[in-house]
Amino acid sequence: MKKTFQIAGLMLIVAATAALAHTGVKDPTVKAWMIGMGEIGDNTKVLGSMAKGEAVFDAEAARKAAGAIAEHAGQISVLFKEQAADPKSEALPVIWQTYSDFLVKADALEMAASAAASSIQAEGDLRPALAAIGGTCKACHQTYRLKK
Ligand code: HEC
């Protein structure tokens, strides 16, 4: 039961902004990191759909999605390096005040996603992997992304 709620919460994270993602964003730096975050969101959705049984479990596709998340997570330190702003952005300025902590949170995602990319074999591996990944999204968003 608890796991179901975790997955549902995670799907809300990825669904909430996906439809309007980066429309009308003018600042190129902001746009670039939003696209990167969007890729992370889309690949998380692939895992979430399988975990919820909306998509058929496919170990290879799941590992591939996790690998893509890890790859994009590895870009976070580069994408957010320079402070930038846009009226559409939900990135909080505190990112650049505690940038090393922000990077620790990016690393946590990269590690959880890499672990998933090399370990998902059976359907039962999916939910724990997704819960680990989802915990890192939440940990970062909670401090560094504007809540709506
Ligand atoms: C190291 C911090 C960090 C981690 C980890 C992180 N995010 Fe984000 N995410 C952000 C920030 C900051 C924004 C706000 C960007 C903006 O609006 O400019 C954001 C925005 C988003 C968006 C909206 C993108 C858009 O186009 O506006 C999605 C979707 C998203 N994150 C999904 C995820 C998912 C799913 C995970 C975990 C698998 C995750 N994020 C992990 C920092 C993080």
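Here are some exercises on a predicted model of a protein chain with its ligand, each with a worked solution.

Residues are numbered from 1 along each chain as its sequence is written, and side-chain values use heavy atoms, with hydrogens and water left out. Because this is a predicted model, local features need pLDDT of at least 70 and side-chain atom pairs count only at pLDDT 80 or more, while totals for chains, interfaces and linings use all residues.

**Exercise 1. The overall fold**

Find how many helices and strands the protein chain has, and what share of its residues is buried.

Solution. Start with the rule for elements: helices (H or I, at least four residues) and strands (E, at least two) are DSSP runs, numbered from the N terminus. By this rule the protein chain has six helices and zero strands. Written in sequence order, the pattern is α-α-α-α-α-α.

Next comes burial: a residue is buried under 20% relative accessible area, exposed over 50% and partly exposed in between (1.4 Å probe, protein chains only). Of the 148 residues in the protein chain, 36% are buried.

Finally, look at contacts, meaning heavy atoms within 4.5 Å. Taking the contacts between residues at least 6 apart in sequence, 77% join residues at least 24 apart.

**Exercise 2. The iron site**

Work out which protein atoms are donors of the iron atom of the ligand, and what geometry the site has.

Solution. Donors are N, O and S atoms within 2.8 Å of the metal (3.2 Å for Na, K and Ca); water is not among the atoms, so sites may look incomplete. The protein supplies SD of M37 and NE2 of H141, which lie 2.0 to 2.5 Å from the iron atom.

Now test the angles. Six donors count as octahedral if opposite donors are over 155 degrees apart and all others between 65 and 115. Here the six donor atoms make angles of 85 to 179°, and the site is octahedral. M37 belongs to helix α2 and H141 to helix α6, so this pair ties together parts that are 104 residues apart in sequence. As for accessibility, M37 is partly exposed, because its relative accessible area is 29%.

**Exercise 3. Around the ligand**

Describe the residues around the ligand by class, and list its polar partners W33, E90 and H141.

Solution. A residue is near a molecule if one of its heavy atoms lies within 4 Å of it. There are 26 residues around the ligand, and M37, S89, C137, C140 and H141 come nearest.

Sort the shell by class: Ala, Val, Leu, Ile, Met, Phe, Trp, Tyr, Cys and Pro count as nonpolar, Asp, Glu, Lys and Arg as charged, and the others, Gly among them, as polar. The result is 16 nonpolar, seven polar and three charged residues.

For the pairs of N or O atoms, the cut-off for a polar contact is 3.5 Å. One oxygen atom of the ligand lies 2.7 Å from a side-chain N or O atom of W33. An oxygen atom of the ligand is also 2.6 Å from a polar backbone atom of E90. A nitrogen atom of the ligand is 2.8 Å from a side-chain N or O atom of H141. The elements giving two or more residues to the shell are α1 (2–18), α2 (28–51), α5 (99–119) and α6 (126–144).

**Exercise 4. Buried or exposed?**

Classify S49, L126, Q97 and K31, then look at their surroundings.

Solution. Take each residue in turn.

- S49 sits in helix α2. It is buried, because its relative accessible area is 17%. Beyond residues up to four places away in sequence, S49 touches M11, E54 and A55.
- L126 is part of helix α6. At a relative accessible area of 2%, L126 is buried. Not counting neighbours within four places, its contacts are L47, M50, A51, F57, A62 and I120. L126 and A51 are 75 residues apart in sequence, yet their C-alpha atoms are 6.3 Å apart.
- Q97 belongs to helix α4 (residues 94–97). With a value of 64% relative accessible area, Q97 is exposed.
- K31 is in helix α2. Its 35% relative accessibility makes K31 partly exposed. Outside its neighbours within four places in sequence, K31 is in contact with H22 and V25.

Technical notes: A polar contact is a pair of N or O atoms within 3.5 Å; within protein, one must be able to donate a hydrogen and the other to accept it, and residues adjacent in sequence count only if both atoms are side-chain atoms. Four donors count as tetrahedral if all angles lie between 85 and 135 degrees; four count as square planar and six as octahedral if opposite donors are over 155 degrees apart and all others between 65 and 115; anything else is irregular.
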